[in-house]
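Visitor: Please pick one part of this model and go through it closely. Plain words will do.

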Amino acid sequence: MKERRKRRSTKDIEESIINAATRFIETEGFSNLTVTSIMRQAEIEPVQFYNRYDDLNKFIDEYVKKYDYWFSDIVKSQKQYSNDKALYMNILVGLFQSLSENKIMQELLKWELANNNETSQRTAQLRELHTLPLCQKFSNIFFNTIDIVTISTLTIGGIYYLIF
């Protein structure tokens, strides 16, 4: 007699999908992620995946929202810094620490650099869109002294290089 699968709640299935994708991405990266690999690891049927997501790209869009906003905590803590220089340094240190500890974000950035498709472009653009207010703030602060956006871009590129 064939053993019946345990019924899982909607929440259990969703957690299973996210956990399966996370395990897969940590070991294989975003480039190798497929719906089939998620379904196998999550032990779900195709209908359970496709009831939630139209396709892999829609899943990735939702998935990266959980991992991609390293700076949200830093921005929320802006009030605790007595000056803008300390805030700026904290943002860069926070980026380095966050990326050092977050394998998923590392894999996401590698995937975006290696793949030029709509989904990778969209995730990168969303991240940039969320950083625009910070760029504007620091551009106004350093207006007559240095081009802080260019310096920040080079510094962040250096942080990415160190992490990868």
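Guide: What follows is a close look at helix α1, set between a short view of the whole chain and a second helix pair.

The model is predicted: local features need pLDDT of at least 70, side-chain atom pairs count only at pLDDT 80 or more, and totals for chains, interfaces and linings use all residues. Residues are numbered from 1 along each chain as its sequence is written, and side-chain values use heavy atoms, with hydrogens and water left out.

The protein chain holds nine helices and zero strands (DSSP runs of H or I, at least four residues, and of E, at least two, numbered from the N terminus). Along the sequence the pattern is therefore α-α-α-α-α-α-α-α-α. Of its 164 residues, 37% are buried (under 20% relative accessible area, 1.4 Å probe, protein chains only). Among contacts (heavy atoms within 4.5 Å) with a separation of 6 or more, 64% join residues 24 or more positions apart.

Helix α1 covers residues 10-28, which makes 19 residues. From first C-alpha to last, α1 reaches 27 Å, close to the 27 Å expected at 1.5 Å a residue (1.5 Å times one less than the number of residues). The buried residues of α1 are Ile-13, Ser-16, Ile-17, Ile-18, Ala-20, Ala-21, Thr-22, Phe-24 and Ile-25. Just after α1 comes Gly-29, with a positive phi of about 85°.

What does α1 meet in helix α2? Helix α2 spans residues 35-42, and the axes of α1 and α2 (lines fitted to C-alpha atoms over the stretch in contact, with angles from 0 to 180 degrees between N-to-C directions) come within 8 Å and cross at roughly 115°. The two helices are therefore roughly perpendicular to each other (65 to 115 degrees). On the α1 side, the contact is made by Ser-16, Ile-17, Ala-20, Ala-21, Arg-23 and Phe-24. On the α2 side, Ser-37, Ile-38, Gln-41 and Ala-42 take part. By class, the residues of this contact divide into six nonpolar (Ala, Val, Leu, Ile, Met, Phe, Trp, Tyr, Cys and Pro), three polar (the others, Gly among them) and one charged (Asp, Glu, Lys and Arg).

A second pair can be set beside this one. Helix α6 (residues 84-101) and helix α8 (residues 118-141) have axes that come within 12 Å and cross at roughly 140°. Asp-84, Leu-87, Tyr-88 and Ile-91 in α6 meet Leu-134, Lys-137, Phe-138 and Ile-141 in α8. The residues of the α6 and α8 contact divide into six nonpolar, no polar and two charged.

Terms used. Buried means under 20% relative accessible area, exposed over 50%, partly exposed in between (1.4 Å probe, protein chains only). Angles under 35 degrees count as roughly parallel, over 145 as roughly antiparallel, 65 to 115 as roughly perpendicular and the rest as oblique.
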